[in-house]
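Here are a few exercises to work through with the model open beside you. Try each task before you read its solution.

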Amino acid sequence: MSVGRFTIPTEENFIQQSTELAEKWGADAIRNSDGTHLDDDVINMGKRIYSAYFPNRGHNYFMKDHMDCVPMVYLMSERTRATDTTVDVPLMVTYFAEQLTINRDAAPQRFWEVIDRTSGEVLPIDQWELDPHTDVVHIHNAHPMHEYTVTFLAYVIWDPVQMYNHITNDWGDKEHEIAFDPRHPEIQDFMLNTLDKWLVDNPHVDVVRFTTFFYQFMLIFNNERKEKIVDWTGFAVTVSPRALDEFEREYGYRMRPEHFVDGGSYGSSFVYPSKEQRDWLDFTANFVHSLMKQMVERVQAAGKEAMMFLGDQWIGTEPYSSTFPNVGMDAIVGSVGDGTTTRMIADIKGVKYHEGRFLPYFFPDSFYEGADPSIEAWDNWRKARRAILRSPLERMGYGGYLSLAAKFPKFVDDVATIANEFRDIYDKCSGKGAQTQLTVALLDAWGARRSWQEFTVAHALPNKYNRSFYGILEALSGMRVNVRFLSFDDVLANGIDPEIDVIINAGPQGTAYSGAQAWKNPQLVSLIRSWVSSGKGFVGVGQPSAVEHGGRYFQLADILGVDQEIYRSLNVDKYWPDLTEDHFVIQDIPRESLDFGEAVINTFPISEETTVISGLDGQVQLAVNTYDDGRGVYLSGLPYSALNARLLERALFYAAHKEDQYAVWGSSNPECEVAYFADKNIYAVMNNSEKPQQTVVSLPRGQSENFDLAPSAIVWKELA
């Protein structure tokens, strides 16, 4: 058994078992979880001590006298249809009253907005009023059969994360914690003074684990105590009258309530960001970074490390911004849901080390009589391991209640195995990622700002509507390619780095990811065409470059060889070439096992020169196209699977004209992958499945090696 690079959670009155499990798992650090504290006996175990620190909650005694300083959010009422010239719009009927309450302190006529959603008209303030006794807005001079909404300010009176944990763990009468918004000077003073005192009172703490800072991602519950709005990148809870006024002074214009609710999308990252939303994100980040820096400096002056949890109140921290390293944070820790979220943590610059909190969380929803939490643990580890071999984490750990995990001996043993394997990987590769063979860039409206966060709604939880695209990130997270994130603005301002081999543009039409109106810019289209024409590759997934313009729907149909019929040219016949049965992109991949996700209807080859490899009911699923010296590849969708990851990998090498380099460091079995570390002259072969696998690994100089791999196994070899 090896020791170190492992953080174990613990709790009160659990010293003997904590000691035993810390030894078994090789833990060198101990942390408390939300709702728990560390006993003196635990503190004296001789391990590094992490302490969760909540800068903006946990001080109800103070906040009860400052309820006008709690976080706020713009909420949109349900759409209400007028049947007469008057209509009443109830505000809170579908919201959770324990979490949210209407802000009546900030004048509704100044800070709210009533919109006729049928006409798009914003109603003048003399056409509506709030009934404070019923929380209903009365609208006059309405148009019958039009729909109306009210966008109103609400106080968030129960911290969303504590609320979530409270409901999940059935904490009963435990006090509801109230969060606070540091935009207010008196709150800033309280936060900084409280931190100073806490640092003095907790000399035993080595690492202050900020969980997180100030502004919660969108986590709004409904009247049935269930999630209503969940958005990992949602920024709507950063608003307040003070912030709105400060923004107006700094930027010279005023944000509207509609800029936050956006017709009900609440600033979803799928929606193409407006100038106003981009300005607000920058405005928020500048404020958050400034206050974060003050806290980090205080922690470091006390001889401790400052660690940020990438989650909860992470909005505004913008860890992929150019200014984040200036904050001086020592470390990042985040929840590892899969390979994509592993990379989201590991690729952040400007910190000394990165730590992953693996699953399952030691909560009752995973640890109950009859459950086998080992299944989730191994699945989580296999997904993360692919990514770690490409972009290492320096540390790992788990969270929750250790007393729950201790009741499952098999799980305890499996975590010991995973922890030893994690340390072994780090030691063998010296904390460096494996060799890559291509450079691939994902192109969308967000670029580096949302690195490894494309297509994300809730953390690591794909659903029907985004699974066809999220799989691209998951496949890339452990692939032998260098991954970058480019925005359309980057391309227009700086061109395209010649080191990039392939650009991927993916997503549903009209979104920030596929590009929407960006593709109406002739300069952008010309730049991409010229770049591909020179010998580069372009891969489109779903509805890439889709916007109706110039008689085309896919603006890069000439590169992809595929367009989509939007019922403008049904009178023009489409002639399909015969399906190509044998092609590099699909070699050794059983067609019948591929999953192209949700269908993109009515896609068709634009000419008989397009090579269609897979199609279903007259719709293209997979096609390739030659474009002067370059190549285009079209995929209708790519949910994650081992086979789909193999398909994307082959498509990328083909698009880059590097088919001749594909075999070396390849595995004959898609369930197995290879990672080569050139400076150590060693390579790892891993089984990414829960079943035994056999594979042949192709080595340089025409050599190969056969491997029989146990379930979830990883084997290391030195290159002869």
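**Exercise 1. Find the helix that holds Thr284, decide whether Thr284 is buried or exposed, and list its contacts.**

Step 1: Thr284 sits in helix α9; helices here are DSSP runs of H or I with at least four residues, strands are E runs of at least two, and both are numbered from the N terminus.

Step 2: The model is a predicted one, where local features need pLDDT of at least 70 and side-chain atom pairs count only at pLDDT 80 or more, while totals for chains, interfaces and linings use all residues. Residue numbers start from 1 along each chain as its sequence is written, and side-chain values use heavy atoms, with hydrogens and water left out.

Step 3: Thr284 has a relative accessible area of 4%, so it is buried (buried is under 20%, exposed over 50%, partly exposed in between, with a 1.4 Å probe and protein chains only).

Step 4: Skip the neighbours within four places in sequence, and Thr284 is in contact (heavy atoms within 4.5 Å) with Arg183, Tyr215, Thr238 and Gly316.

**Exercise 2. Work out which residues have the most contacts inside the largest nonpolar core, and which helix gives the most to this core.**

Step 1: A nonpolar core is a set of buried Ala, Val, Leu, Ile, Met, Phe, Trp, Tyr and Cys residues joined through side-chain atoms within 4.5 Å. In soluble globular proteins, nonpolar side chains tend to be buried together.

Step 2: The largest such core counts 227 residues, and Trp112, Leu476 and Ile528 have the most contacts inside it.

Step 3: Helix α9, residues 275–301, gives the most to this core, with ten residues.

Step 4: Because domain 1 (438–661) and domain 2 (666–718) both give residues to this core, it lies between them; the domain bounds come from an automatic or database domain assignment.

Step 5: Apart from this core there's another one of twelve residues, including Trp665, Val697, Leu699 and Leu709.

Step 6: Now zoom in on Ile528: leaving out neighbours within four places in sequence, its contacts are Leu443, Ile496, Ile503, Trp519, Phe538, Leu556 and Ile559.

**Exercise 3. Describe how domain 1 and domain 2 sit relative to each other.**

Step 1: Taken over C-alpha atoms, the centres of domain 1 and domain 2 are 29 Å apart.

Step 2: Across the boundary, five residues of domain 1 are in contact with eight residues of domain 2.

**Exercise 4. Place Glu474: which helix is it in, is it buried or exposed, and what is it in contact with?**

Step 1: Glu474 belongs to helix α14, residues 467–477.

Step 2: Its relative accessibility is 4%, so Glu474 counts as buried.

Step 3: Beyond the neighbours within four places in sequence, Glu474 is in contact with Asp338, Gly339, Thr340, Lys383, Arg386 and Tyr640.

Step 4: Check the backbone too: the C-alpha atoms of Glu474 and Trp452 are 9.1 Å apart, with their positions 22 residues apart along the chain.

**Exercise 5. Trace the hairpin formed by β13 and β14.**

Step 1: Strands β13 (residues 218–221) and β14 (residues 227–231) run antiparallel and are joined by four bridges; two strands pair if DSSP finds at least two bridges between them.

Step 2: Phe221 stands opposite Glu227 in β14.

Step 3: Five residues lie between the two strands of the hairpin, and Arg225 in the turn has a positive phi of about 65 degrees.
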